[in-house]
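Please look over the notes below with the model open beside you. They are meant to be checked point by point.

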Amino acid sequence: MKRKPVMGLTLGDATGIGSELVAKTLQSAEIRQLATWVVVGDERVFQQGQSVAGLSVPYVKIANIEEIDSEDKVYLIDLHNLSPDTYSLGQLSEDSGQATGETLTYVLKLAQQKKLDGVVYAPINKEALHRGGFHFQDELHFFASLLDCKEGFSEINVMGDLWFTRITSHVPLKQVSSLVTKERVARIIRFAQDTLTSVGFDNPKIVVAALNPHAGDGGLLGTEEIDEIRPAIVSAQEQGINVEGPYPADTIFLRLKTKPFDCLVSMYHDQAQTGMKLLGFNKGITVSGGLPVVITTPAHGTAFDIAGQGISDPGATEQAMKLAVRLAGF
C-alpha cells in the first residue's frame, strides 16, 4: 500500500485568521485522509484558533518529527514561541511576525531534510514578518534564501484548473516597466510551461497579458509590447511552447469563454490577481514554484477585519492542502 505523505501545516500569523482556518480544515475527514498532517507552531495559538472556530481538533503532541507512529493521526510540534497574551487579534504584531518567521524556518528545514513531503502555511503578514526581523521582499524570497535557491523560482496562483503567474510581483508599480524585459518574460513563460507540465498538463495553453492599455496601440501607448513582450513570446513559440499574446489586460479574462487557456502570464500583481479573486476568492491558492520544496498557501490574506469572529471561510486553505499533496506526487 502506498504511504500517505507527511505534510507540514503552519498556523500563519497568529493575529489573523490562520489558526482558525487550520482548526476548520482539520475537521474534514477528506483532508485528514489525504496526508499525515503535522501542525507546527505554538500550541497556545492553535488552541486559540480552535476556540475561535468553536471546534476541537484531536491531535498528538510530539517533540520532533521522528515520533510520528501512525499515518492516521494529526500531530503537533509545539515550538512554544508565541503567547496569545503578547498580541491582539486583528492588530499587527512584531512578536507574531518573529514567531511566524521562526516557524516557517523550522518547518522548511524539515522539508529540506526530506522529513516532510511538503508544507502548507496559513496566511502571513509581510509587514509583521519584516518587523519581526525577516527582511525580505516577500515570503517567496525568504523561502528561496532559506533553501539556498538563487534563480528559477516564482509565485504561481491556482484557481481550479486555471493557473496564473506574473513577470513582476511584490514591487512598487513605478518599477514594473523597467522589469518587463525580453529575458524576464521568456523565463516566466518557460517557468509556466514547466510547472504545468509537471502536474500533468499536456501542451498547456498559455496566454500573456500586455503591459499597456490596448496592448500599446502599436507603440502609441508604450513600446514594451513591441520591444520586450512580443519577442519573448515568439522565442517561446519557436521552442514549441503553446503561448499567445500579448493581449490587452482589460479583456483577457473574457477570452476564457471563447478561447479557454490554462495559464495567464500577467505583467504585474493586480493585473491577474483582481480577476482571479473575482472568480472565486475562497478557492485561490498560491504556490511558491521553482523551489526544491513543495509550498502552498491560500491566496487571500490574514483578514484582520474578521479575526477572532469565527466566520472565516476555509475553502482556499482546503484547496491549498489538496494541491500540496498533488504537487508532492501523491
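The points below take up aromatic pairs, a charge over a ring, the nonpolar cores and one loop residue.

1. Status. This is a predicted model. Read each value below as computed from that predicted model.

2. Aromatic pairs. Seven aromatic pairs turn up in the structure. One of them joins Phe134 and Phe142. Their ring centres are 5.3 Å apart, and the planes make 50 degrees. That pair is tilted. Phe142 also pairs with Phe136. Here the centres lie 5.3 Å apart and the planes meet at 35 degrees, so this pair is tilted as well. The stacked class needs planes under 30 degrees apart, and edge-to-face needs over 60.

3. Burial of these rings. Phe142 has 3% relative accessibility, so it is buried. Phe134 is at 16% and therefore also counts as buried. The cut-off for buried is under 20%. Phe136, at 32%, is partly exposed.

4. The cluster. Which residues join Phe134, Phe136 and Phe142 in one aromatic cluster? Tyr121 and Phe143 do.

5. Charge over a ring. Arg255 sits over the face of Tyr247. The distance to the ring centre is 3.7 Å.

6. Largest nonpolar core. The largest core counts 56 residues. Leu26, Trp37, Val39 and Trp163 have the most contacts inside it. Which helix gives this core its largest share? Helix H8, residues 182-198, does, with six residues.

7. Leu26 in detail. Residues up to four places away in sequence are not counted here. Leu26 then touches Trp37 and Val39, both also listed among the core residues with the most contacts. Its other partners are Leu9, Arg32, Phe46, Val57, Val74 and Met321.

8. A separate core. Another core, of 29 residues, lies apart from the largest one. Among its members are Val38, Val40, Leu147 and Cys149.

9. A loop residue. Asn212 belongs to the loop that runs between strand S8 (206-209) and helix H9 (224-238). Is Asn212 buried or exposed? Its relative accessibility is 14%, so Asn212 counts as buried; the limit is under 20%. Neighbours within four places in sequence aside, Asn212 contacts Leu221, Gly222, Thr223, Glu224 and Glu225. Helix H9 spans 224-238, so Glu224 and Glu225 in that contact list belong to this helix.

Terms used: Residues are numbered from 1 along each chain as its sequence is written. This is a predicted model: local features need pLDDT of at least 70, side-chain atom pairs count only at pLDDT 80 or more; totals for chains, interfaces and linings use all residues. Side-chain values use heavy atoms; hydrogens and water are left out. Rings of Phe, Tyr and Trp (its six-membered ring) pair if their centres lie within 6.5 Å; planes under 30 degrees apart count as stacked, over 60 as edge-to-face and the rest as tilted. Buried means under 20% relative accessible area, exposed over 50%, partly exposed in between (1.4 Å probe, protein chains only). A charge sits over a ring if NZ of Lys or CZ of Arg is within 6 Å of the ring centre and within 35 degrees of the ring normal. A nonpolar core is a set of buried Ala, Val, Leu, Ile, Met, Phe, Trp, Tyr and Cys residues joined through side-chain atoms within 4.5 Å. Helices (H or I, at least four residues) and strands (E, at least two) are DSSP runs, numbered from the N terminus. Contact means heavy atoms within 4.5 Å.
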